[in-house]
Amino acid sequence: LMESLGDQQRLEELDLTETSLGRVGGAALASALARLGESGVKVRVVRLGDCSLGKSFSKVVSSLGKLRSLEEVDMSYNEVDSEVVSALCAAARSWLSLQLLNLEGSELDEDGTELV
C-alpha cells in the first residue's frame with residue numbers, strides 16, 4: 001500500500017486516521033511521503049490522528065516537510081516527544097499555505113512545548 005502511495009501522480013488528501021501503522025508502517029509511510037514531495041505532487045491535507053507510529057513518527061514528520069502545499073495537518077492523539085516537535089518545527093518552515101495544525105490530545109513534554 002505504501003509503495004503505491006508514493007507512486008501517485010495526483011493526491012490531494014491523505015487520511016490515515018486511527019490506522020495502527022507501527023514502526024515499520026511508519027517508516028514505509030515516511031518513504032512514500034518523501035517520494036510524493038520529491039515528485040511535486042500537491043498534497044493539501046494529511047490526517048495522521050491516532051496512528052500509533054511509535055519511533056518512526058519523527059521520520060514521518062520530516063517527510064511531511066517535503067509536501068510544500070500542505071494546508072492542513074492533523075497529528076492529534078499521537079505520542080509527540082521533543083524529537084517529533086523538532087522535526088515538526090523544521091517541516092513547518094516549508095508549509096507556506098498551512099491553515100491548520102492539529103495536535104489535540106498529543107501530550108507534549110516540557111521541551112516540546114517550548115519548541116512549539
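Helices (H or I, at least four residues) and strands (E, at least two) are DSSP runs, numbered from the N terminus. The structure is a predicted model, in which local features need pLDDT of at least 70, side-chain atom pairs count only at pLDDT 80 or more, and totals for chains, interfaces and linings use all residues. Residues are numbered from 1 along each chain as its sequence is written, and side-chain values use heavy atoms, with hydrogens and water left out.

**Exercise 1. Positive phi angles**

Task: State where Asp50 lies and describe its phi angle.

Solution.
Step 1. Asp50 belongs to the loop between β2 and α3.
Step 2. Although Asp50 is not a glycine, its phi is positive, at about 55°.
Step 3. The relative accessible area of Asp50 is 37%, so this residue is partly exposed; the class lies between buried (under 20% relative accessible area) and exposed (over 50%), with a 1.4 Å probe and protein chains only.
Step 4. Glu18, in the loop between β1 (13-15) and α2, also has a positive phi, near 60°, and is likewise a residue other than glycine. Glu18 is exposed, because its relative accessible area is 62%.

**Exercise 2. The chain as a whole**

Task: Determine how many helices and strands the chain has, and in what order the elements run.

Solution.
Step 1. There are five helices and four strands.
Step 2. Read from the N terminus, the order is α-β-α-β-α-β-α-β-α.
Step 3. The chain has 116 residues, and 45% of them count as buried.
Step 4. The area exposed by the chain is about 6500 Å², of which carbon and sulfur atoms supply 46%. Such areas come from the Shrake-Rupley method with a 1.4 Å probe; for residues, only the protein chains shown count as cover.
Step 5. Among contacts (heavy atoms within 4.5 Å) with a separation of 6 or more, 83% are between residues 24 or more positions apart.

**Exercise 3. The covering of helix α3**

Task: Establish which residues of α3 are buried and what covers them.

Solution.
Step 1. Helix α3 spans residues 57-64, and six of its eight residues are buried, which leaves the helix mostly covered.
Step 2. The buried residues are Phe57, Ser58, Val60, Val61, Ser63 and Leu64.
Step 3. Their cover includes α2 (22-38), β2 (45-47), β3 and α4.
Step 4. Ser63 serves as an example: its relative accessible area is 8%, and therefore Ser63 is buried.
Step 5. When residues up to four places away in sequence are not counted, Ser63 touches Ala30, Leu33 and Ala34.

**Exercise 4. Salt bridges between distant parts**

Task: Identify which parts of the chain are linked by the salt bridges of Lys66, Glu71 and Arg47.

Solution.
Step 1. A salt bridge is a side-chain nitrogen of Lys or Arg within 4 Å of a carboxyl oxygen of Asp or Glu. Side chains of opposite charge can pair when their charged atoms come close. The structure holds six salt bridges.
Step 2. Lys66 and Glu38 form one of them, at 3.2 Å from N to O. This pair links distant parts of the chain, since Lys66 is in the loop between α3 and β3 and Glu38 in helix α2, 28 residues apart. Lys66 is partly exposed, at 39% relative accessible area, whereas Glu38 is exposed, at 58%.
Step 3. In the pair of Glu71 and Arg44, the closest N and O atoms are 3.3 Å apart. Glu71 lies in the loop between α3 and β3 and Arg44 in the loop between α2 and β2, so the bridge ties together parts 27 residues apart in sequence. Glu71, with 25% relative accessible area, is partly exposed, and Arg44, at 31%, is also partly exposed.
Step 4. Arg47 and Glu72 meet at 3.2 Å, N to O. Their bridge links strand β2, which holds Arg47, with strand β3, which holds Glu72, 25 residues apart.
Step 5. Arg10, Glu12, Arg44 and Glu71 are joined in a network of salt bridges.
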